[in-house]
Amino acid sequence: MNARRWTAGLLAAVAAVALAGCSSGGGGEKRCTSDGLTITCAQDERSKTPKVVGELLTGGQYDISQARGQVVVVNFWGSWCAPCRAEADDLEGTYQATKASGVTFLGVNVQDSKDKAIAFERGRATYPSIFDPSSRQALNFDIPPNTTPATVVLDRDGRVAVVIRRAVTRDELQPIVERIVAEKPAPN
């Protein structure tokens, strides 16, 4: 089986597993939708964020639970990844355009050396990145290592609202982030 066919099969399986976690509404409608590479879940069907704790590229520790109350955009990237290079300016632009409205970004560098990751990030991103050479954080989000880049948007309650398993553009990402920012908090 060639690599493309295997990757496509893996992506379809991952999307099916993610969608299986979403229940259906009263009329049998799906509460999560997918086009194969982007999964969007309704506010009342979102799963909790896995634990995300790690060493920052710049030193120190990061714990995503400290960002509760903010919309968090988590981007999985590697210096070796051409699509990651292509989307870097769009991610930074979206971050700059939305940070004043309660949005924070977190990069997660996967399968990389620390020196290469730091060099890649310099001049491309002003938001922090976790160093995760073993891809543990990606696997916690059910992001297979071969689907880098990937972007996950978390709502203010720390739940997974959108998963994008491909490179993103600012024109695509910023409206998604703004929609999640505009949501009312989930009822307790």
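A disulfide is a pair of cysteine sulfur atoms within 2.5 Å. In chemical terms, a disulfide is a covalent bond between the sulfur atoms of two cysteines.

The structure is a predicted model, in which local features need pLDDT of at least 70 and side-chain atom pairs count only at pLDDT 80 or more, while totals for chains, interfaces and linings use all residues. Residues are numbered from 1 along each chain as its sequence is written, and side-chain values use heavy atoms, with hydrogens and water left out.

**Exercise 1. Disulfides**

Find the disulfides in the whole structure, and give the handedness and burial of each.

Solution.
1. A search of the whole structure gives two disulfides.
2. One of them links Cys32 and Cys41, with an S to S distance of 2.2 Å.
3. The torsion about the S-S bond of Cys32 and Cys41 is about 110°, so this disulfide is right-handed.
4. The other disulfide is formed by Cys81 and Cys84, whose sulfur atoms are 2.4 Å apart.
5. The link of Cys81 and Cys84 has 80° about the S-S bond and is right-handed.
6. For burial, use relative accessible area with a 1.4 Å probe and protein chains only: buried is under 20%, exposed is over 50%, and partly exposed is in between.
7. Cys32 and Cys41 are both buried, and Cys81 and Cys84 are both buried.

**Exercise 2. Overall layout**

Describe the order of helices and strands in the protein, then its burial and its contacts.

Solution.
1. Helices (H or I, at least four residues) and strands (E, at least two) are taken as DSSP runs, numbered from the N terminus.
2. The protein has five helices and nine strands.
3. Along the sequence, their pattern is α-β-β-β-β-β-α-β-α-β-α-β-β-α.
4. The protein has 188 residues, of which 46% count as buried.
5. A contact means heavy atoms within 4.5 Å.
6. Among contacts with a separation of 6 or more, 65% come from residues 24 or more positions apart.

**Exercise 3. The largest cavity**

Which elements and which kinds of residue line the largest cavity?

Solution.
1. A cavity is a set of points, on a 1 Å grid over the protein atoms alone, where a 1.4 Å probe fits but cannot get out; lining residues have an atom within 4 Å of a point.
2. Grid points are joined across faces, edges and corners, and a volume is the space filled by probe spheres set on the points.
3. The structure holds three cavities of 30 Å³ or more, and the volume of the largest is about 90 Å³.
4. Residues lining the largest cavity include Asn75, Trp77, Cys84, Leu91, Phe120 and Arg124.
5. Strand 5 (71–77), helix 2 (82–98) and helix 3 (114–121) are the elements that each give two or more residues to this lining.
6. Helix 2 supplies the largest share, three residues.
7. Count Ala, Val, Leu, Ile, Met, Phe, Trp, Tyr, Cys and Pro as nonpolar, Asp, Glu, Lys and Arg as charged, and the others, Gly among them, as polar.
8. The lining then divides into seven nonpolar, two polar and two charged residues.

**Exercise 4. Two loop residues**

Place Glu45 and Val168 in the chain, and decide whether each is buried or exposed.

Solution.
1. Glu45 sits in the loop between strand 2 (38–41) and strand 3 (53–55).
2. Its relative accessibility is 17%, so Glu45 counts as buried.
3. Arg31 is 14 residues from Glu45 along the chain, and their C-alpha atoms are separated by 6.6 Å.
4. Val168 belongs to the loop between strand 9 (160–164) and helix 5 (170–182).
5. Its relative accessibility is 2%, so Val168 is buried.
6. Leaving aside neighbours within four places in sequence, Val168 is in contact with Glu87, Asp90, Leu91, Thr151 and Leu173.
7. Of these contacts, Thr151 is 17 residues from Val168 in sequence and 7.8 Å from it, C-alpha to C-alpha.

**Exercise 5. Backbone geometry**

Where is the cis peptide bond at Pro149, and what phi values do Gln111 and Ser135 have?

Solution.
1. Most residues other than glycine have a negative phi, and most peptide bonds are trans.
2. The peptide bond from Thr148 to Pro149 is cis, with omega near 5°.
3. Pro149 lies in the loop between helix 4 (136–140) and strand 8 (150–154).
4. Gln111, not a glycine, has a positive phi of about 50°.
5. Gln111 is in the loop between strand 6 (103–110) and helix 3, and at 36% relative accessibility it counts as partly exposed.
6. Ser135, also not a glycine, has a positive phi of about 65°.
7. Ser135 is in the loop between strand 7 (129–132) and helix 4, and at 1% relative accessibility it counts as buried.

Note on methods. 1 Å grid on protein atoms, 1.4 Å probe; cavity = no way out; pocket = protein on both sides within 12 Å on 5 of 7 lines; lining within 4 Å.
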